[in-house]
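Trainee: I should like a close look at a single part of this structure, the charged pairs, and then an account of how that part sits within the rest of the chain. Please treat the burial of each partner with care.

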Amino acid sequence: MSPTNLEFDRLIRDFGFDVRSRSVNNDAVIRAQDNDQPEVSAFSDVAQSKIAKAVESSWWYRVRNEIIVRNLRRWDFADTLWDVGAGTGAVTAALVAAGIPAIAVEPSIGGAAIATQHGVVSIQGTLQGLNLPDECLAGVGAFDVLEHVTNRQDFLREVLRVLVPGGHFIATVPALQLLWSHADVEAGHYLRYSRGTLRKELEMHGFDVLSLGYFFALTVPPLLFIRALPYRLGLRVHDSNNSALRASGGILGKIVGRIEIAWAGYVPFGSSLLTVARKPSGLNELGAK
């Protein structure tokens, strides 16, 4: 039996909860039904399709995935990770390939369908829309998701509610408001984080921050001069996220990627942040100690 089926069976055995009983199977996508919870995605199905093509050759996705996997292994995470806002399942598939069981949860039906093509179990819906039992998951991931969330307070409360005491929350976000540009506007970002703002937001919602560090340090100068400065000068530079993320990088990309992976978490700045946080023991359902 696959690890994801074992995860679903565990939810049935321990909580009497079966997401499949509340869903209809359509083209291998579990479509969670919740009429009170609208399924809103930051990206349209067309955009998800473009992202999926970018992932196939992108050095950026490849390096980010390896950094995520290394951090999970660093904290000896071996349970199933629920990848919320999974998009086309790029991270989910990388986790599964690395031997870490993972389930994709994505509001966009287009993204969720593409994720199944990567061989991962994909649920079309939101974390809130699943109505999971209290304290039922060992791990939740949100990879470049928080910056898209309109109500991050409710989202983080929900993550804390569904995590078991000692459960892990791992997230990546775009960093440095200095780098804000048209690309952020086009991507639907509400902010770019700093170490301080991300730590404050997580601790304010009851998480213990285990690690928090920048990565993609070498991308800061080009992003500053090619995107951020022209944006501040009122100049429109055609440099979409998709074109930048699609680049394979070639030999130089491989070299830069090795450097970025080695430096991740140790550099004082970077265009991205990664955090591993934990739900403390002894929290009640309201998230109070």
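Mentor: R192 counts as buried because its relative accessibility, 12%, is under the 20% cut-off. Its partner in a salt bridge is D184, and the closest N and O atoms of the two are 2.7 Å apart. D184 is likewise buried, with a relative accessible area of 2%. The model is a predicted one, and every value quoted here is computed from it.

The salt bridges of the structure number 12. Another of them joins R64 to D144, with 2.6 Å between the closest N and O atoms. This pair ties together distant parts of the chain, the partners being 80 residues apart: R64 belongs to helix α3 (residues 59-74), while D144 lies in the loop between β6 (137-143) and α7. R64 is buried at a relative accessible area of 5%, and D144 also counts as buried, at 17%.

Helix α3 holds a further pair, R70 and E66, four residues apart, or about one turn of the helix. In an α-helix there are 3.6 residues a turn, so residues three or four places apart point the same way. The side chains of R70 and E66 meet in a salt bridge with an N to O distance of 3.2 Å. Here the partners are partly exposed: R70 has a relative accessibility of 44%, and E66 has one of 24%. The pair belongs to a network of salt bridges that links E66, R70 and R258.

Around these charged pairs one may set the nonpolar interior. Nonpolar side chains tend to be buried together in soluble globular proteins. The largest nonpolar core in this model comprises 49 residues, and W82, I123, L132, F155, F169 and F207 are those with the most contacts inside it. Helix α7 (residues 152-162) supplies the largest share of this core, namely five residues. The surroundings of F169 can be followed in detail: leaving aside residues up to four places away in sequence, F169 touches, among others, V140, G141 and A142, then F155, L156 and V159, and further along the chain L202, F207 and V276. A second core, separate from the one just described, has 24 residues, including L72, A102, L274 and V276.

Helix α5 (residues 109-117) offers another view of burial, since G110, G111, A112, I114, A115 and T116 are its buried residues. At the start of α5, the backbone nitrogen of G110 has a side-chain oxygen of S108 within 3.2 Å. After α5 comes G119, which has a positive phi, near 85 degrees.

On the surface, by contrast, F225, I226 and L229 form a nonpolar patch with about 290 Å² of accessible area together. L229 is located in helix α10 (residues 220-232) and is partly exposed, at a relative accessible area of 33%.

For the chain as a whole, the secondary structure comprises 12 helices and nine strands. Of its 289 residues, 54% are buried. Among contacts between residues at least 6 apart in sequence, 75% join residues at least 24 apart. The accessible surface amounts to about 13200 Å², with 55% of it belonging to carbon and sulfur atoms.

Key: Residues numbered from 1 in each chain as written. Predicted model: local features only at pLDDT ≥ 70, side-chain atom pairs only at ≥ 80, totals over all residues. Heavy atoms only, no water. Buried < 20%, exposed > 50% of the residue type's maximum accessible area, 1.4 Å probe, protein only. Helix = DSSP H or I, 4+ residues; strand = E, 2+ residues; numbered from the N terminus. Polar contact = N/O pair within 3.5 Å; in protein donor to acceptor, adjacent residues only side chain to side chain. Core = buried A, V, L, I, M, F, W, Y, C linked by side-chain atoms within 4.5 Å. Contact = heavy atoms within 4.5 Å. Patch = residues over 30% accessible without salt bridge, like charges linked within 9 Å, V, L, I, M, F, W, Y side chains within 5 Å. Areas by Shrake-Rupley, 256 points an atom, 1.4 Å probe, with all protein chains shown as cover. Salt bridge = Lys/Arg side-chain N within 4 Å of Asp/Glu carboxyl O.
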